[in-house]
Amino acid sequence: MSGTPLPSALEVREHWEGLVGRDIEVTTGGPMVDPVLNGGALVGVFVDRLMKLSALVLFDLPLAAHLGAAIALVPARTAQAAVEEETLPAALTENAGEILNVTAALFNVGDAPHLKLDAVYAPRDPLPADVAQWVLAYVRRLDLEVEVSGYGKGCASVLVL
(Lines give C-alpha, C1' and ligand atoms only; values in the text may rest on other atoms or scores of the structure.)
Protein backbone atom coordinates (compact mmCIF):
# COMPACT_ATOMS: atom_id res chain seq x y z
CA MET A 1 0.00 0.00 0.00
CA SER A 2 1.36 3.41 -0.95
CA GLY A 3 0.99 6.61 1.04
CA THR A 4 -1.57 9.33 0.51
CA PRO A 5 -0.71 11.26 -2.65
CA LEU A 6 -0.46 15.04 -2.82
CA PRO A 7 -2.70 15.99 -5.74
CA SER A 8 -1.29 18.20 -8.47
CA ALA A 9 -2.57 21.71 -9.08
CA LEU A 10 -4.12 20.47 -12.33
CA GLU A 11 -6.03 17.72 -10.51
CA VAL A 12 -7.27 20.21 -7.91
CA ARG A 13 -8.38 22.68 -10.59
CA GLU A 14 -10.20 20.04 -12.65
CA HIS A 15 -11.87 18.59 -9.57
CA TRP A 16 -13.19 21.92 -8.30
CA GLU A 17 -14.20 23.02 -11.81
CA GLY A 18 -16.31 19.89 -12.09
CA LEU A 19 -17.96 20.64 -8.77
CA VAL A 20 -18.87 24.28 -9.35
CA GLY A 21 -19.41 24.08 -13.13
CA ARG A 22 -17.28 27.15 -13.79
CA ASP A 23 -13.79 27.83 -15.04
CA ILE A 24 -11.26 27.97 -12.25
CA GLU A 25 -7.76 29.35 -12.63
CA VAL A 26 -5.14 27.95 -10.28
CA THR A 27 -1.64 29.29 -9.75
CA THR A 28 0.95 27.45 -7.67
CA GLY A 29 3.25 29.19 -5.23
CA GLY A 30 0.50 31.05 -3.39
CA PRO A 31 0.80 32.00 0.26
CA MET A 32 0.19 29.45 2.99
CA VAL A 33 -3.38 29.88 4.21
CA ASP A 34 -3.20 30.97 7.84
CA PRO A 35 -6.49 30.55 9.73
CA VAL A 36 -5.67 33.37 12.14
CA LEU A 37 -5.19 36.07 9.48
CA ASN A 38 -7.60 38.14 7.39
CA GLY A 39 -10.94 36.76 8.52
CA GLY A 40 -9.74 33.23 9.03
CA ALA A 41 -10.05 30.10 6.95
CA LEU A 42 -12.34 27.15 6.42
CA VAL A 43 -10.35 24.07 7.44
CA GLY A 44 -11.15 20.52 6.36
CA VAL A 45 -9.58 17.71 8.39
CA PHE A 46 -9.16 14.34 6.67
CA VAL A 47 -8.49 11.08 8.49
CA ASP A 48 -7.80 7.50 7.49
CA ARG A 49 -9.83 4.46 8.59
CA LEU A 50 -7.94 4.40 11.89
CA MET A 51 -8.89 8.07 12.47
CA LYS A 52 -5.28 9.19 12.02
CA LEU A 53 -4.99 12.79 10.88
CA SER A 54 -3.72 12.44 7.32
CA ALA A 55 -4.49 15.59 5.32
CA LEU A 56 -5.78 19.14 5.61
CA VAL A 57 -7.38 21.45 3.06
CA LEU A 58 -7.73 25.13 3.90
CA PHE A 59 -9.69 27.80 2.04
CA ASP A 60 -9.10 31.38 3.05
CA LEU A 61 -12.33 33.26 3.69
CA PRO A 62 -12.54 34.80 0.19
CA LEU A 63 -12.10 31.43 -1.53
CA ALA A 64 -14.59 29.73 0.82
CA ALA A 65 -17.10 32.48 0.02
CA HIS A 66 -16.54 32.28 -3.75
CA LEU A 67 -16.61 28.47 -3.96
CA GLY A 68 -19.53 28.24 -1.55
CA ALA A 69 -21.52 30.70 -3.62
CA ALA A 70 -20.53 29.28 -7.01
CA ILE A 71 -21.55 25.69 -6.23
CA ALA A 72 -25.07 26.80 -5.26
CA LEU A 73 -25.42 29.52 -7.91
CA VAL A 74 -25.66 32.16 -5.19
CA PRO A 75 -25.06 35.63 -6.66
CA ALA A 76 -21.43 36.77 -6.63
CA ARG A 77 -22.41 39.89 -4.70
CA THR A 78 -23.31 37.67 -1.72
CA ALA A 79 -19.82 36.20 -1.72
CA GLN A 80 -18.28 39.64 -2.14
CA ALA A 81 -20.29 40.96 0.84
CA ALA A 82 -18.98 38.06 2.93
CA VAL A 83 -15.42 38.93 1.94
CA GLU A 84 -15.89 42.62 2.74
CA GLU A 85 -17.50 41.87 6.11
CA GLU A 86 -14.99 39.08 6.85
CA THR A 87 -17.89 36.86 7.88
CA LEU A 88 -18.83 33.64 6.12
CA PRO A 89 -22.61 33.08 6.26
CA ALA A 90 -23.78 29.64 7.38
CA ALA A 91 -25.08 28.72 3.92
CA LEU A 92 -21.75 29.51 2.24
CA THR A 93 -19.91 27.68 5.02
CA GLU A 94 -22.06 24.60 4.44
CA ASN A 95 -21.62 24.78 0.66
CA ALA A 96 -17.85 25.18 0.87
CA GLY A 97 -17.79 22.37 3.43
CA GLU A 98 -19.43 20.12 0.86
CA ILE A 99 -16.63 20.97 -1.57
CA LEU A 100 -14.16 19.93 1.13
CA ASN A 101 -16.06 16.68 1.60
CA VAL A 102 -15.88 15.80 -2.08
CA THR A 103 -12.23 16.89 -2.20
CA ALA A 104 -11.42 13.66 -0.33
CA ALA A 105 -11.61 11.99 -3.74
CA LEU A 106 -8.29 13.65 -4.64
CA PHE A 107 -6.57 11.60 -1.92
CA ASN A 108 -8.36 8.32 -2.59
CA VAL A 109 -6.53 7.01 -5.64
CA GLY A 110 -5.01 3.64 -6.38
CA ASP A 111 -4.08 1.65 -3.31
CA ALA A 112 -3.56 4.72 -1.11
CA PRO A 113 -5.24 4.65 2.30
CA HIS A 114 -8.87 5.75 2.08
CA LEU A 115 -9.37 9.20 3.60
CA LYS A 116 -12.61 10.84 4.64
CA LEU A 117 -13.54 14.30 5.83
CA ASP A 118 -13.71 14.12 9.61
CA ALA A 119 -14.32 17.75 10.58
CA VAL A 120 -14.76 21.20 9.15
CA TYR A 121 -13.76 24.28 11.14
CA ALA A 122 -15.36 27.55 10.12
CA PRO A 123 -13.32 30.73 9.85
CA ARG A 124 -12.29 31.97 13.30
CA ASP A 125 -13.22 28.66 14.97
CA PRO A 126 -10.34 27.56 17.20
CA LEU A 127 -8.45 24.60 15.80
CA PRO A 128 -7.51 21.64 17.97
CA ALA A 129 -3.81 21.61 18.82
CA ASP A 130 -3.17 18.45 16.82
CA VAL A 131 -4.52 20.22 13.71
CA ALA A 132 -3.15 23.72 14.32
CA GLN A 133 0.44 22.48 14.58
CA TRP A 134 0.38 21.37 10.92
CA VAL A 135 -1.30 24.33 9.22
CA LEU A 136 1.90 26.27 8.55
CA ALA A 137 4.28 23.30 8.63
CA TYR A 138 6.65 22.47 5.80
CA VAL A 139 5.13 19.12 4.90
CA ARG A 140 4.03 17.89 1.49
CA ARG A 141 1.79 20.76 0.53
CA LEU A 142 0.30 22.70 -2.33
CA ASP A 143 -0.33 26.41 -1.80
CA LEU A 144 -2.57 27.83 -4.50
CA GLU A 145 -4.04 31.10 -5.64
CA VAL A 146 -7.46 30.29 -7.04
CA GLU A 147 -9.84 32.39 -9.14
CA VAL A 148 -13.41 31.23 -9.62
CA SER A 149 -14.71 32.68 -12.88
CA GLY A 150 -17.45 35.22 -12.25
CA TYR A 151 -16.85 35.24 -8.49
CA GLY A 152 -13.34 36.13 -7.41
CA LYS A 153 -9.99 35.11 -6.03
CA GLY A 154 -8.76 33.43 -2.90
CA CYS A 155 -6.15 31.01 -1.66
CA ALA A 156 -6.09 27.34 -0.76
CA SER A 157 -3.58 25.08 0.92
CA VAL A 158 -3.62 21.31 0.53
CA LEU A 159 -1.45 19.40 2.99
CA VAL A 160 -0.66 15.70 3.20
CA LEU A 161 0.75 14.67 6.57
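Helices and strands here are DSSP runs, with at least four residues for a helix and at least two for a strand, numbered from the N terminus. The views below come from a predicted model.

**View 1. Glutamate E86 sits in the loop between α3 and α4.** Start with the backbone: E86 has a positive phi of about 50°, although it is not a glycine. Most residues other than glycine have a negative phi. As for how much of E86 is out in the open, its relative accessibility is 34%, so it counts as partly exposed, a class that lies between under 20% (buried) and over 50% (exposed). Keep an eye on E86, as its side chain turns up again in the next view.

**View 2. A salt bridge joins R124 and E86.** What distance separates N and O in this pair? It is 3.2 Å. R124 belongs to the loop between β4 (116–121) and α5 (129–135), while E86 belongs to the loop between α3 (76–85) and α4 (90–103), so this pair ties together parts that are 38 residues apart in sequence. R124 is exposed, at 53% relative accessible area, and its partner E86 is partly exposed, at 34%. Side chains of opposite charge can pair when their charged atoms come close.

**View 3. Inside helix α1, R13 pairs with E17.** This is another of the structure's three salt bridges, and its N-to-O distance is 3.2 Å. Both partners are in α1 (residues 9–20), and because they are four residues apart there, about one helical turn separates them. R13 is partly exposed, with a relative accessible area of 25%. E17, at 18%, counts as buried because that value is under 20%.

**View 4. R141 and D143 form a salt bridge.** The closest N and O atoms in this pair are 3.0 Å apart. Are these two residues buried or exposed? R141 is buried, with 14% relative accessible area, and D143 is buried too, with 12%.

**View 5. Helix α1 packs on helix α4.** Two packed helices are described by the angle between their axes and the distance between the axes. For α1 and α4, the angle is about 130° and the axes are 11 Å apart. The two helices are therefore oblique to each other. The crossing of α1 past α4 is right-handed. On the α1 side of the contact you'll find H15, W16, L19 and V20, and these meet I99, V102 and T103 of α4. Sort these residues by class and you get five nonpolar, two polar and no charged ones.

**View 6. Helix α2 packs against α3.** Here α2 (residues 61–71) and α3 make an angle of about 160°, and their axes are 9 Å apart. That makes the two helices roughly antiparallel, since the angle is over 145 degrees. α2 passes α3 in a right-handed crossing. From α2, the contact takes in L61, P62, A65, H66 and A69, and from α3 it takes in A79, Q80, A82 and V83. How many of the residues in this contact are nonpolar? Seven are, alongside two polar and no charged residues.

**View 7. Helix α2 also packs on α4.** The angle is about 85°, with the axes 8 Å apart. α2 and α4 are therefore roughly perpendicular to each other, as an angle of 65 to 115 degrees counts that way. In α2, the residues to look for are A64, A65, L67, G68, A69 and I71, which meet L92, N95, A96 and I99 in α4. This contact has eight nonpolar, two polar and no charged residues. You may recognise some names: A65 and A69 are among the α2 residues that touch α3, and I99 is one of the α4 residues that meet α1.

**View 8. Leucine L73 lies in the loop between α2 and α3.** Which sign does its phi have? Positive: phi of L73 is near 60°, in a residue other than glycine. L73 counts as exposed, at 69% relative accessibility.

**View 9. Leucine L127 is in the loop between β4 and α5.** Set aside its neighbours within four places in sequence, and L127 is in contact with P35, V43, Y121, A132 and V135. For another landmark, try M51: it is 76 residues from L127 in sequence and 17 Å from it in space, C-alpha to C-alpha.

Notes. Residues are numbered from 1 along each chain as its sequence is written. This is a predicted model: local features need pLDDT of at least 70, side-chain atom pairs count only at pLDDT 80 or more; totals for chains, interfaces and linings use all residues. Side-chain values use heavy atoms; hydrogens and water are left out. A salt bridge is a side-chain nitrogen of Lys or Arg within 4 Å of a carboxyl oxygen of Asp or Glu. Buried means under 20% relative accessible area, exposed over 50%, partly exposed in between (1.4 Å probe, protein chains only). Axes are lines fitted to C-alpha atoms, for helices over the stretch in contact, and angles run from 0 to 180 degrees between N-to-C directions. Angles under 35 degrees count as roughly parallel, over 145 as roughly antiparallel, 65 to 115 as roughly perpendicular and the rest as oblique. A crossing is left-handed if the near helix is turned anticlockwise from the far one by less than a right angle, and right-handed if clockwise. Contact means heavy atoms within 4.5 Å. Ala, Val, Leu, Ile, Met, Phe, Trp, Tyr, Cys and Pro count as nonpolar, Asp, Glu, Lys and Arg as charged, and the others, Gly among them, as polar.
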